[in-house]
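Dear colleague,

I am passing on the structure that we spoke about, and below it you will find my notes on what turned up when I went through it. Please read them with the structure open beside you.

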Amino acid sequence: MSDRLSIHDNRTGNKHELDLSYGTHVDAGSAISASDLREIKTSDHDFGVLVHDPGFMNTSACKSSITFIDGNTGTLLYRGYPIEALAEKSTYLEVAYLLLHGELPISSELDEWTTDITNHTFLNEKIKKFLDGFRYDAHPMGILVSALAALSTFYPKSRNVHDQDIRDRSIRRLIAKIPTLAAFAYRYSVGLPYAYPDNDLSYSANFLNMMFRATETKYDADPVLERTLDVCLILHADHEQNCSTSAMRAVGSSDADPYVSVSAATAALYGPLHGGANERVLEMLAEIGNVKNIGHYIDKVKQGEFRLMGFGHRVYKNLDPRAKILKELAEKVFEVTGRNRLLDVAMELEKVALNDEYFVKRKLYPNVDFYSGIIYQAMGIPVEMFPVLFAIARTSGWLSHWEEMRKDPELRIARPRQLYTGYAKRDYVQLASR
Ligand code: ACO
């Protein structure tokens with residue numbers, strides 16, 4: 001097989017040979033260099049051919065060895081390991097290590113990593129004063145985006161993104177502190193005193209402790225809920241070049257520090273078409289309210305009035321493997337928490353949509369957010385915290401991509417081109433003459 005692609009330019013009759021590069025295997029695709037297309041011109045004044053790709057539907061922005069997705073077969077691998085195996089056998093902190101370092105840790109490495117993360121969970125006390133400035137009803141995602149950016153000012157050395165030791169420390173701090181920031185944002189919004197981290201607890205149990213601890217000295221999370229949260233974090237930890245990861249890479253490509261870069265990625269995640277979707281799923285279920293209203297609601301979706309939240313995915317045109325895992329997990333959670341009316345609406349909605357021609361034809365399956373929203377709701381986590389949980393999980397993924405990007409010899413500041421469609425040069429018109 002030739003590793004070159006020939007392009008015949010019908011405008012000039014010229015033939016161009018472009019080099020191809022390949023991913024690990026044929027499912028990972030091949031790519032030409034977009035810059036090579038610039039050589040295809042009709043004259044010396046011609047700017048050359050650009051790739052026009054709004055929404056980056058088919059543009060490879062980097063080489064990456066972190067996560068592989070095959071949307072047609074519903075495959076998701078972190079560093080080669082199937083998501084199903086990691087969800088069954090691993091823990092979030094182990095997966096974070098895997099994403100960042102490329103290999104599963106041996107026992108001593110995992111101990112050191114866990115201890116290091118656990119020892120960095122506390123926040124500078126001044127962060128509490130910063131939080132005090134927010135309105136009582138501030139959305140915790142807004143607080144998180146701002147507080148993450150504010151953390152950058154507490155660690156000015158982190159701006160030296162060329163120093164490996166400093167980068168490593170920033171990475172550990174961010175993974176350790178984001179659950180504390182998130183839980184503080186929640187406690188602030190409900191007027192509860194902050195619950196400090198408990199370093200005797202696992203990453204997930206500690207988060208539940210900081211969310212829900214009341215007067216007890218030691219918070220005792222239900223083991224099913226603790227494990228469920230950990231699995232949810234594993235499933236959301238990375239998903240290759242999605243909107244927020246691309247934001248992380250774009251902002252980081254200007255040598256911005258990792259705190260402001262994670263803040264920018266969190267802002268991208270906030271949108272309802274991305275990490276804000278599981279919040280919208282619950283709003284939608286509340287709006288439907290009752291199983292008997294589902295038919296009418298689906299009709300409106302099909303008429304294009306709005307979208308069914310938690311359905312569809314840019315990459316998966318088959319069942320999202322994460323959704324499958326969460327669906328099974330949901331049943332275990334309901335055994336602990338009991339069912340409620342919204343859960344019944346969700347289950348019936350799923351059944352109706354999966355059998356409806358509109359959704360079948362467009363390959364619209366429930367995505368990870370459909371089930372994560374239902375699970376979090378059953379666990380007593382308030383709706384506004386859903387995207388926050390997503391941000392906690394994705395922090396390890398964002399930082400893995402950031403670290404990979406920092407070591408990439410092809411790293412250039414992100415700066416897309418455009419196809420200009422405005423006026424050609426024209427003369428300024430004086431106000432009186434317009
Ligand atoms: N409900 C109803 N119709 C839908 C939905 C939906 N949720 N999603 C897509 N469609 C329809 C579109 O109207 C379009 O129909 P048409 O061909 O008749 O015009 C067709 O399916 C294709 O839709 P696109 O917009 O081209 O799909 P795209 O890949 O751009 O969008 C997205 C993917 C944004 C996830 C979309 O499916 C959506 O808006 N879903 C709801 C929001 C959501 O759940 N987001 C979470 C995504 S998962 C995550 O971020 C972790």
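Which atom of the ligand is 2.7 Å from a polar backbone atom of leucine 308? It is a nitrogen atom of the ligand, and please keep in mind here and below that the model is predicted. Two further contacts involve oxygen and side chains: a polar side-chain atom of arginine 362 lies 3.0 Å from an oxygen atom of the ligand, and an N or O atom in the side chain of asparagine 367 is likewise 3.0 Å from an oxygen atom of the ligand. Taken on its own, the ligand has 930 Å² of accessible area, and the protein covers 73% of it.

The shell around the ligand numbers 20 residues, of which Arg307, Leu308, Gly310, Phe311 and Arg362 come nearest. Sorted by class, this shell has 10 nonpolar, five polar and five charged residues.

Turning to the interior, the structure holds one cavity of 30 Å³ or more, and the volume of the largest cavity is about 40 Å³. Its lining is made up of Gly312, His313, Tyr316, Asn318, Asp320, Lys363, Leu364, Tyr365, Pro366 and Asn367, which divide into four nonpolar, four polar and two charged residues. Asn367 therefore deserves a second look in the viewer, as a residue that lines the largest cavity and whose side chain has an N or O atom 3.0 Å from a ligand oxygen.Finally, the cysteines. The count of disulfides comes to zero. For cysteine 62, the closest cysteine sulfur is that of cysteine 243, and because the two sulfur atoms are 15 Å apart, they are too far from each other for a bond. Cysteine 62 counts as buried, at 18% relative accessibility, because buried means under 20%. Cysteine 232 is also buried, with a relative accessible area of 0%.

With best wishes

Conventions. Residues numbered from 1 in each chain as written. Predicted model: local features only at pLDDT ≥ 70, side-chain atom pairs only at ≥ 80, totals over all residues. Heavy atoms only, no water. 1 Å grid on protein atoms, 1.4 Å probe; cavity = no way out; pocket = protein on both sides within 12 Å on 5 of 7 lines; lining within 4 Å. Points joined across faces, edges and corners; volume = space filled by probe spheres on them. Nonpolar A, V, L, I, M, F, W, Y, C, P; charged D, E, K, R; others polar. Disulfide = S-S within 2.5 Å. Buried < 20%, exposed > 50% of the residue type's maximum accessible area, 1.4 Å probe, protein only. Near = heavy atom within 4 Å. Polar contact = N/O pair within 3.5 Å; in protein donor to acceptor, adjacent residues only side chain to side chain. Areas by Shrake-Rupley, 256 points an atom, 1.4 Å probe, with all protein chains shown as cover.
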